[in-house]
Amino acid sequence: MIELTTAFPVCIAGTGSYLPEKILTNAELALRVDTSEEWILTRTGIRERRIAGADETTSHMATHAARRAMENAGLTADELELIIVATITPDTPTPATACYIQQNLGASRAVAFDISAACSGFLYAMKIAKRLISSGAFKNALIIGAEKLSSVTNWEDRSTCVLFGDGAGAAVLRVAAADEGAILATEMGTDGNLTHLLKIPGGGTACPITAANVNDHLFTLNMLGREVFKHAVNRMKEAAEKVIERAGLTADSIACVIPHQANLRIIDAIADRLAVPNERVFVNLHKYGNTSAAAIAIALDEASRSGAFKRGDNIVLVVFGAGLTWAAAAIRW
Ligand code: UT7
């Protein structure tokens, strides 16, 4: 059952992604910090991650992903009406990274803004864009998850530096024709009581950058991993169950689950709790690590291009991140 508030059904018309070429392997990390290839692989499922070069800013990666998504959707820059970028690593604090992407694309008619919901940002953007299109306010939207996490990683902290990577993913949303698929149900949630579990403590008004604190690792990601792990499993399971129920699906009728790519043990636990066999759960974490808002967007693009599902199939996307935040979407492709 499509959400009752939907005036116009909204579909995903195209996807795209971009990964920097430079690969950082577990073996290389083991030379930098007190860790081992074996620890990283068995505790996380990650084998390697991509690291952006100096010229590969968040907007640069996002623009490449966006062009691929627009090409895939058959949408020109002139036609684009809305750009929403989910990122915690903007090019600049202001203006929004979305504005640079609008300029790069030459999409001068498009309204462009960023949202900050960490790893959940792409699905937050999906829900916002879906509502704005289904209400008739916009005909189409480009949503992007893009991160240069290597710029906010403490490369001396073994508990976090082995986890993250860089990249971007994008999707074009538009009003769906009667014979096309649609976003069937969406869900988002936040628990601000748990802000302390995963954060970049400095760089904002609470702790501005000063000459005195610049070397204190306040401007890099801090995480209480074990605690985050526990919440991630519970919240993603609940969010996924909600959209599955609202969309009228069952575990058997889902062709593919695409979860946030943070830890293979979390992904396995989600698959188990949703009773979806592992072969119907998409994983690319081993290649890219955790790319925060970009992860689900890159995974959606890779999964659709690799034939993990086809037109008419039901898929479920589910994410979790700092905030704490979580979100899910059920989609008929
Ligand atoms: O994207 C947003 C959402 N993020 C997540 O969902 C991440 C969730 N958390 C996780 O994925 C996992 O908690 C981690 C992968 C971050 C950590 O795995 P863990 O199994 O929870 O390990 P732990 O933090 O409980 O640490 C176990 C041990 C500790 O040593 P002791 O105290 O038992 O002696 C750590 O110091 O592993 C040690 N450790 C490491 N050892 C080798 C932590 N990092 C490393 C490392 N190499 N890189």
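1. A polar contact is a pair of N or O atoms within 3.5 Å. The model discussed here is predicted, and the contacts below are computed from it.

2. Glycine 225 meets that cut-off through its main chain: a backbone N or O atom of this residue lies 3.0 Å from a nitrogen atom of the ligand. Two side chains face ligand oxygen instead. A polar side-chain atom of arginine 226 is 2.6 Å from an oxygen atom of the ligand, and for a polar side-chain atom of asparagine 290 the distance to an oxygen atom of the ligand is also 2.6 Å. Taken alone, the ligand exposes 950 Å², of which the protein buries 74%.

3. The site of the ligand is the largest pocket. The surrounding shell has 24 residues, and the closest are Thr35, Arg43, Arg226, Asn263 and Asn290.

4. Which elements supply at least two residues of that shell? They are helix 2 (37-44), helix 6 (158-161), helix 7 (225-246), helix 8 (264-274) and strand 12 (314-321). Helix 7 gives the largest share, four residues.

5. Strand 8 (residues 182-190) is a separate topic. Seven of its nine residues are buried, so the strand is largely enclosed by the rest of the structure. Buried here means under 20% relative accessible area.

6. The pairing partner to note is strand 13 (residues 325-332), which runs antiparallel to strand 8 over eight bridges. Within this pairing, isoleucine 183 has isoleucine 331 of strand 13 as its bridge partner.

Note on methods
Residues are numbered from 1 along each chain as its sequence is written. This is a predicted model: local features need pLDDT of at least 70, side-chain atom pairs count only at pLDDT 80 or more; totals for chains, interfaces and linings use all residues. Side-chain values use heavy atoms; hydrogens and water are left out. Buried means under 20% relative accessible area, exposed over 50%, partly exposed in between (1.4 Å probe, protein chains only). Two strands pair if DSSP finds at least two bridges between them. A residue is near a molecule or strand if one of its heavy atoms lies within 4 Å of it. A polar contact is a pair of N or O atoms within 3.5 Å; within protein, one must be able to donate a hydrogen and the other to accept it, and residues adjacent in sequence count only if both atoms are side-chain atoms. Accessible areas come from the Shrake-Rupley method with a 1.4 Å probe; for residues, only the protein chains shown count as cover. On a 1 Å grid over the protein atoms alone, a cavity is a set of points where a 1.4 Å probe fits but cannot get out, and a pocket is an open set with protein on both sides within 12 Å along at least five of seven lines; lining residues have an atom within 4 Å of a point. A molecule sits in a cavity or pocket if more than half of its atoms lie within 2 Å of its grid points.
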